[in-house]
Amino acid sequence: MEDCISCDEDYYDSDRESLHGLENEDSEIQWIPKTSATKVITKECLLAAQKEDMRRVMDMLSLREYHARTLLIHYRWDVEKLFAVLVEKGRHHLFATSGVTMIENQSISSSEPSSMVMCDICMEEVHGNDATRVDCGHCFCNNCWTEHFIVKINEGQSRRIRCMAHKCNAICDEAVVRNLVSKRHPDLANKFDRFLLESYIEDNKRVKWCPSTPHCGNAIRVEDDEFCEVECSCGLQFCFSCLSEAHSPCSCLMWELWIKKCRDESETVNWMTVHTKPCPKCHKPVEKNGGCNLVSCICGQAFCWLCGGATGREHTWSSISGHSCGRYKEESAQKAERAKRDLYRYMHYHNRYKAHTDSCKLESKLKESIQEKISISEERESMLRDFSWVNNGLHRLFRSRRVLSYSYPFAFYMFGDELFKDELTEEEREIKQHLFEDQQQQLEANVEKLSKFLEEPFDQYTKDKVMEIRMQVINLSVITDTLCKKMYDCIENDLLGSLELGIHNIAPYKSKGIEKALELSACWNSKTNTTIDKYLPSDCSTSGGLSERDRLSGLNSDENGCSSRKRARADVVTVVQI
């Protein structure tokens with residue numbers, strides 16, 4: 001589907017400039033303009049972005065860098081949630097749950113150099129220079145520490161290496177880890193540093209790798225809603241939540257089930273249940289190809305098509321003892337009827353999904369032919385010079401066709417028995433299905449009309465005829481956009497919104513299409529910092545007490561601990577390149 005959606009760029013770019021000035025006029029919270037908020041950064045810029053988050057935590061709590069990193073990794077690099085926990089539960093709880101231990105005036109590098117130290121791991125006395133004491137106060141010999149660090153790094157636990165002491169949850173200083181491991185295995189120390197850097201992506205719920213194959217080296221960052229669809233700079237469009245292709249208005253679970261259903265043999269089994277019967281001897285499926293009800297399998301076994309029983313003395317083609325196969329067997333009949341109904345229902349939705357998907361692929365070729373028509377029309381001596389309505393209509397056709405195609409898998413599961421059998425009564429399901437199908441039908445009719453007008457050879461028409469087609473395309477573009485919005489509203493509010501289990505979320509509808517991520521420069525860090533500083537606490541005492549301003553900053557937090565002011569800027573997408 002993405003090959004035709006990529007044609008949206010002309011429409012998308014033309015409107016972006018007109019919106020640029022409006023976004024710079026935001027009051028109080030000066031969010032970054034949309035044109036500069038979606039960026040691609042190099043590995044060095046990723047390190048700078050990571051350090052910027054750590055600097056905010058370091059300045060707020062007066063911590064060293066590795067303590068700030070430990071806190072951020074524990075809270076998945078969600079600075080707003082970290083500060084919300086600080087406001088609600090205090091400094092002590094924040095440190096204890098994250099594995100950060102603070103001991104005043106404690107040397108973290110070694111013990112007294114002139115003393116001897118007993119290592120509780122290897123039970124040997126070593127010189128003070130050959131032992132290391134960490135923040136929690138535990139001291140062991142460097143050999144034991146090194147072996148411990150090497151094992152943890154090889155096990156993939158580089159981001160949170162805990163102290164060796166029994167029941168100690170303190171996280172070891174990354175400088176100590178790096179210093180001891182590099183003396184014995186420099187390559188492993190580099191691996192440790194790489195893991196720490198990549199934790200900004202691996203542990204950050206708002207940053208994910210682009211699922212392109214082969215991998216483009218990019219990662220995507222969203223600033224607000226993780227239920228969104230994004231386009232990487234490599235051109236791949238995908239769902240940020242499940243990393244599969246963009247599939248709204250389908251939920252991620254629905255799309256996963258639909259793809260599995262289309263790929264496996266479930267419908268083949270259904271077809272075989274409806275159209276074949278098993279041989280009573282070899283149990284292979286046999287299809288009837290004639291009118292006689294006495295059929296023969298390739299294994300040589302003859303059996304009755306009516307009841308499936310093997311023929312013999314009591315059951316021949318001319319007489320059946322007791323006429324048992326003419327008796328109605330409810331269970332087997334219901335099973336076959338159910339399989340037949342499920343097969344036809346699946347075929348109904350799959351055929352329409354496939355039809356719109358194929359139409360979208362064929363209509364993607366329209367762009368080239370339309371550009372040729374525009375060039376011919378512009379060369380003619382005509383007062384009509386602006387043909388942006390054609391590109392805008394083509395964009396709207398692709399967007400609406402895409403929504404239509406994915407609406408059929410949604411309807412298949414929304415009004416079936418697989419997901420919501422216990423949450424909707426038959427009467428409720430029927431009412432909601434009629435409501436949805438009415439909107440789907442209206443959208444489908446207008447999409448076909450729009451496709452018809454765009455295929456007109458307007459380069460051969462008179463000015464009056466072109467103006468008539470122009471008005472039709474503009475009107476239909478507005479109508480289809482409005483109908484798409486209404487369909488999404490119906491799905492979010494009337495259908496999914498009424499369910500008790502809120503596990504089905506869909507990406508919001510965007511008239512301009514899926515937002516394409518652009519480059520991100522290192523200066524992004526300083527800009528975002530000045531923004532967040534406006535509503536995060538500016539001072540915090542070491543004892544956990546907070547000023548009134550600090551407490552106010554935590555009043556508008558959602559259930560996940562994230563400030564609701566973050567919602568003021570929706571769907572900001574960042575691409576991170578590694």
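**Salt bridges**

I started with a search of the whole structure, which turned up 21 salt bridges. Note to self: this is a predicted model.

I picked out Glu147 and Arg184, whose side chains meet in a salt bridge at 2.2 Å, N to O. I looked up where the two sit: Glu147 is in helix 7 and Arg184 in helix 8, so this pair ties together parts 37 residues apart in sequence. Then I checked burial. Glu147 comes out at 41% relative accessibility, so I put it down as partly exposed. Arg184 is partly exposed too, its relative accessible area being 35%.

Next I went to Arg429 and Glu426, where a salt bridge joins the side chains at 3.3 Å, N to O. Both residues belong to helix 15 and are 3 residues apart, about one turn of the helix. I reminded myself that an α-helix has 3.6 residues a turn, so residues three or four places apart point the same way. Which end of this bridge is buried, and which is exposed? Arg429 is buried, with a relative accessible area of 5%, whereas Glu426 is exposed at 59%.

I also noted a network: salt bridges with shared partners join Lys51, Glu65, Arg69, Glu174, Arg178 and Asp193.

One further bridge went into the book, between Arg341 and Asp342, with 3.5 Å between the closest N and O atoms. Asp342 has a relative accessible area of 31%, so I logged it as partly exposed.

**Helix 7**

Glu147 had brought me to helix 7, so I looked over the whole element. Helix 7 covers residues 142–154, 13 residues in total, and I get 18 Å from its first C-alpha to its last, close to the 18 Å expected. I listed its buried residues: Asn142, Cys144, Trp145, Thr146, His148, Phe149, Ile150 and Ile153.

What do those buried residues pack against? I found strand 4 (131–133), strand 5 (139–141), helix 8 (174–184) and helix 9 (186–202). Helix 8 is thus a packing partner of helix 7 as well as the home of Arg184, the salt-bridge partner of Glu147. Just past the end of helix 7, I spotted Gly156 with a positive phi of about 80°.

**Aromatic pairs**

I searched the whole structure for aromatic pairs and got 18. The rings of Trp145 and Phe149 have their centres 5.5 Å apart and their planes at 20°, so I count this pair as stacked. Both residues are in helix 7, 4 residues apart, about one turn of the helix. Trp145 is buried at 0% relative accessibility, and Phe149 is buried with a relative accessible area of 0%.

I then looked at Trp389 and Phe458, a tilted pair with 5.8 Å centre to centre and 55° between the planes. Why do I say this pair ties distant parts of the sequence together? Trp389 lies in helix 14 (388–414) and Phe458 in the loop between helix 15 (426–454) and helix 16 (463–495), so the linked parts are 69 residues apart in sequence. I checked burial here as well: Trp389 is buried at 6% relative accessible area, and Phe458 is buried at 2%.

My notes also have a ring cluster. Its members, linked by ring pairs, are Trp255, Trp258, Tyr346, Tyr349, Tyr353, Tyr406, Tyr408, Phe412 and Tyr413.

**Helix 10**

Two members of that cluster, Trp255 and Trp258, sent me to helix 10, where both are buried. Helix 10 (residues 252–263) has 12 residues and reaches 17 Å from first C-alpha to last, close to the 16 Å expected. Besides the two tryptophans, its buried residues are Cys252, Met254 and Lys261.

**Charges over rings**

I looked for lysines over aromatic faces. Lys208 lies over the face of Phe240, 5.0 Å from the ring centre. I also have the charged end of Lys452 over the ring of Phe453, 5.0 Å from its centre.

**Strands 6 and 7**

I finished on strand 7 (residues 218–222), which is mostly covered, with 5 of its 5 residues buried. Which way do they point? Asn218, Ile220 and Val222 point one way, and Ala219 and Arg221 point the other way. Strand 7 pairs with strand 6 (residues 207–209) in the antiparallel sense, over 3 bridges. I picked out one position in that pairing: Val207 stands opposite Arg221.

Methods: Residues are numbered from 1 along each chain as its sequence is written. This is a predicted model: local features need pLDDT of at least 70, side-chain atom pairs count only at pLDDT 80 or more; totals for chains, interfaces and linings use all residues. Side-chain values use heavy atoms; hydrogens and water are left out. The expected span of a helix is 1.5 Å times one less than its number of residues. Buried means under 20% relative accessible area, exposed over 50%, partly exposed in between (1.4 Å probe, protein chains only). Contact means heavy atoms within 4.5 Å. Rings of Phe, Tyr and Trp (its six-membered ring) pair if their centres lie within 6.5 Å; planes under 30 degrees apart count as stacked, over 60 as edge-to-face and the rest as tilted. A charge sits over a ring if NZ of Lys or CZ of Arg is within 6 Å of the ring centre and within 35 degrees of the ring normal. Two strands pair if DSSP finds at least two bridges between them. A salt bridge is a side-chain nitrogen of Lys or Arg within 4 Å of a carboxyl oxygen of Asp or Glu.
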